[in-house]
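Work through the following exercises with the coordinates open beside you. Each one gives a task and then a solution that proceeds step by step.

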Amino acid sequence: MKKIFPVALLLVIVLSAFATKDRMRIVRNESFSTGEVLKYKVHYGPITAAEATIDISNNLHMVNGRPTYRATVYGRTSSSFDLFIKVRDTWQSYIDTAAILPHRFHRDIQEGSYRKKETVDFNHYSNTAAVKTKRKKDPERNSTHKISDNVQDIVSGFYYLRTLDYDNMRKGDKMVVKGFFDEENFDMEITYKGRETVNTKAGKIKAIKLIPKMPKNDLFKGENAIAVYLSDDNNKIPVLIEAEMFVGSLKVDLYNYKGLKHKLVTR
């Protein structure tokens, strides 16, 4: 026993060291990879108000010593809508290829005269987020915040939803995604609402319907104001987003795509 005990103790110490060296989760992802490009028309009522592009860089990027997908969302109002408010927004997330968690998040917001730049560096070992914020004419502000385990930013959260298995879900099932946005932690409750066939500019597509629960706000009409439709195939790409607002309705409609991991199933 005297000889066995030190060996057993050493084994526990070694295993503990390996266990705490990298405690990020592993998420199976069969839905997306590098080089994917998705393009959308944004309709405000009958008006085509804007366009949006979501792409994943052709190459992987190392952040915090780990390979990441660089996913970028570009949004810009159309020339006719620029007369009301000119929008040129860029949102970008560096997403861990194994954990599907963000390591770094950027926002460059240009909406009318409003300007804001933000960088968030996530540390999923210490559960902290370091935020750098620069607004027009204001000095840069730095802050650090505690975050939940497996927290998502707004961009990476959509990619995480694409990795989930919806085949065994029942209509009405709920899931909670931990999020961090605008220097605050939040729980995003999402309800699975079954399958529907939706009409998009890319064709008729069988889709998975999800309803994210919205907090009280001055923009969207009620907590179930937004419906997100993911293609009901191996890609699970967002093909349509519909939102009921206090003034009018908004629709984000897929019209072009390339670089998908699997062939998109249309009807």
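The exercises below concern charged side-chain pairs and one surface patch in a predicted model.

**Exercise 1.** Determine which salt bridges Arg 107 forms with Glu 118 and Asp 182, and where these residues lie along the chain.

*Solution.* Begin with the pair of Arg 107 and Glu 118, whose side chains meet in a salt bridge with an N to O distance of 3.2 Å. This pair links distant parts of the chain, since Arg 107 belongs to strand S6 (residues 102-111) and Glu 118 to strand S7 (residues 114-123), 11 residues apart. Next take Asp 182, which meets the side chain of Arg 107 in a salt bridge at 2.7 Å, again N to O. Here the partners are 75 residues apart, with Asp 182 in the loop between strand S10 (174-181) and strand S11 (184-200) and Arg 107 in strand S6. Finally, place these pairs in their wider setting: Arg 107, Lys 116, Glu 118 and Asp 182 are linked in a network of salt bridges.

**Exercise 2.** Classify Arg 107, Glu 118 and Asp 182 as buried, partly exposed or exposed.

*Solution.* The step needs two cut-offs, under 20% relative accessible area for buried and over 50% for exposed. Arg 107 has a relative accessibility of 8% and therefore counts as buried. Glu 118 is likewise buried, because its relative accessible area is 3%. Asp 182, at 40% relative accessibility, counts as partly exposed.

**Exercise 3.** Examine the salt bridge between Glu 189 and Lys 174, stating its distance and the accessibility of Glu 189 and of Lys 174.

*Solution.* The closest N and O atoms of Glu 189 and Lys 174 are 4.0 Å apart, and the salt-bridge criterion asks for a separation within 4 Å. Because Glu 189 lies in strand S11 and Lys 174 in strand S10, the pair ties together parts that are 15 residues apart in sequence. Turning to accessibility, Glu 189 is partly exposed with a relative accessible area of 26%, whereas Lys 174 counts as exposed at 54%. For the model as a whole, the count comes to 16 salt bridges by this rule.

**Exercise 4.** Identify which residues make the nonpolar surface patch of about 380 Å², and locate Phe 84.

*Solution.* The patch is made by Leu 83, Phe 84 and Ile 85. Of these residues, Phe 84 is found in the loop between strand S4 (66-77) and strand S5 (88-96). With a relative accessibility of 67%, Phe 84 counts as exposed, because the cut-off for that class is over 50%.

Technical notes
Residues numbered from 1 in each chain as written. Predicted model: local features only at pLDDT ≥ 70, side-chain atom pairs only at ≥ 80, totals over all residues. Heavy atoms only, no water. Patch = residues over 30% accessible without salt bridge, like charges linked within 9 Å, V, L, I, M, F, W, Y side chains within 5 Å. Areas by Shrake-Rupley, 256 points an atom, 1.4 Å probe, with all protein chains shown as cover. Helix = DSSP H or I, 4+ residues; strand = E, 2+ residues; numbered from the N terminus. Buried < 20%, exposed > 50% of the residue type's maximum accessible area, 1.4 Å probe, protein only.
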